Amino acid sequence: MTENRPGSIEPDKSSPYGLPLSVLAEITHRCPLQCPYCSNPVELERAKGELTTEEWHRVLGELADMGVLQIHFSGGEPTARKDLVDLVQRATDVGLYSNLITSAVLLGRERLKALYDAGLSHVQISFQGSEDALANRIGGYRRGHQKKLEAARWTREVGLPLTVNAVMHRQNLHQLPDMIDMAVELDAARLEVANVQYYGWALKNRAALMPTYRQLEETTRIVEEARERLAGILEIDYVIPDYYAKRPKKCMGGWGRQFFNISPSGKVLPCHAAETITGLRFDSVRDHSLAWIWDNSPAFNLYRGTDWMPEPCRSCPMKEEDYGGCRCQAFALTGNAASTDPACELSPLHEEIFAMAAEEAEGEQNRFVYRNFVGGTPERDPAADAPAAQTPATEKENT
């Protein structure tokens, strides 16, 4: 297949790695929250570089032509874009199932109704805790928790299915039982008990976020009990921290096999954290069609399949089950994205990483390095509900 400009070629449906089923569209990095575990790059993209409405329209059409089934509108905070309803309508028109992944603090009932009318299929709202003080401190946003609760109730009122994304770590795991009850009260169909994964902003805050092994054991017990008790009422997904795993996760279904991410400026990434791997260059929808990028991008082909793998991965009978685990995590912990993921017990660094996590988890570091977007955001007053000792500060002040 030869290189072409956007929209000028057809995807190769005989590709040995298949076609992407789901795409994450990070339509902006703008966000009023300052979550210390944010999965966005440390260097955030500015609004002036974002794809235009017309460019997103073309991209959504190309996704449908490729055979993509689902589009997940995310950010940053996707509702910060004024054209979100228009983008959802375009997704509906080309036959894509659309999911809104949102903090919900900027989301009003009338806009939710407009999104529903435009064909939005599902809403996922992130929660930082089960009560105001802690949740608002973690998110760095005044009245954020109450805004999320309102938006979740409006979501069900307008008829949209709801997922509660509970982002868990050492400082809020004690609230997990209440968060499970909250998800039931909000009439959510699904709850993600998502322990923080450590790259990007979360890596900067690992010492303040890493749970203890005792916490993890208790969390597992709580989840298993809730799954049994709430069977048929609430589906619960559970993601443990990689540092406590024995086998690596099949990250994104394998690098460049089932998924890709589009950044606000149009860079196409094999996963949402891929830009943490310095030295990789990612092709843009402004220069190539999505079909060309999926088949030909050097960044996508670099860790596809199994030929790239070092030992012990190359000889591992599980190599086509986990595809080597997470390349971003390997880079974050070893400095080499081609290394064995240290989450795997076969990695020579596994015991060292586990011991380091356990030591940090037992420490007294509770302050956060917050994700700040210079230039201002609506109604941001991160110190409003925080005790004096926990008042958010800039990265420079915290480090």
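Which residue follows helix 1, and what is the sign of its phi? In this predicted model, helix 1 is followed by glycine 67, whose phi is positive, near 100°.

The helix that ends before this glycine can be checked against its expected length: at 1.5 Å a residue, its 14 residues should span 20 Å, and the C-alpha atoms at its ends do lie 20 Å apart, so the expected and modelled spans agree. The buried residues of helix 1 are Glu55, Trp56, Val59, Leu60, Gly61, Glu62, Leu63 and Met66. An α-helix has 3.6 residues a turn, so residues three or four places apart point the same way. The cover over the buried residues of helix 1 includes strand 1 and strand 2 (70-74), together with helix 2 (84-93), strand 8 (259-262) and helix 10 (290-296).

Several of these strands belong to an open sheet of 9 strands, in which the order is 7-6-5-4-3-2-1-8-9 and the pairing is mixed. At its edges stand strand 7 (235-239) and strand 9 (268-269), each of which pairs on one side only. Within the sheet, strand 4 (residues 122-127) and strand 5 (residues 162-168) run parallel and are joined by 5 bridges; serine 126, for instance, has asparagine 165 in strand 5 as its bridge partner. Helix 5 (residues 144-157) packs on the sheet, where it touches both strand 4 and strand 5, and its direction makes about 160° with that of strand 4.

The stretch before helix 1 leads to a set of annotated cysteines. In an unreviewed entry, UniProt lists Cys31, Cys35 and Cys38 under "binding site", and the lining of the largest pocket takes in Cys31, Cys35 and Cys38 from this set. Cysteine 35 lies in the loop between strand 1 (22-26) and helix 1 (53-66), and the loop between strand 1 and helix 1 is also the place of cysteine 38.

Are these two cysteines, 35 and 38, buried or exposed? Cysteine 35 has a relative accessible area of 10%, and because buried means under 20%, it counts as buried; cysteine 38, at 11% relative accessibility, is buried as well. Their surroundings can be described through contacts with residues more than four places away in sequence: cysteine 35 touches Gln128, Ile138, Gly139 and Arg371, whereas cysteine 38 is in contact with Trp201, Ala202 and Arg371. Arg371 thus appears in the contacts of cysteine 35 and again in those of cysteine 38.

Conventions: Residues numbered from 1 in each chain as written. Predicted model: local features only at pLDDT ≥ 70, side-chain atom pairs only at ≥ 80, totals over all residues. Heavy atoms only, no water. UniProt positions renumbered as here; feature names shortened; annotations may be inferred. 1 Å grid on protein atoms, 1.4 Å probe; cavity = no way out; pocket = protein on both sides within 12 Å on 5 of 7 lines; lining within 4 Å. Helix = DSSP H or I, 4+ residues; strand = E, 2+ residues; numbered from the N terminus. Buried < 20%, exposed > 50% of the residue type's maximum accessible area, 1.4 Å probe, protein only. Contact = heavy atoms within 4.5 Å. Expected span 1.5 Å × (residues − 1). Pairing = 2+ DSSP bridges. Axes fitted to C-alpha atoms, helices over the stretch in contact; angles between N-to-C directions.
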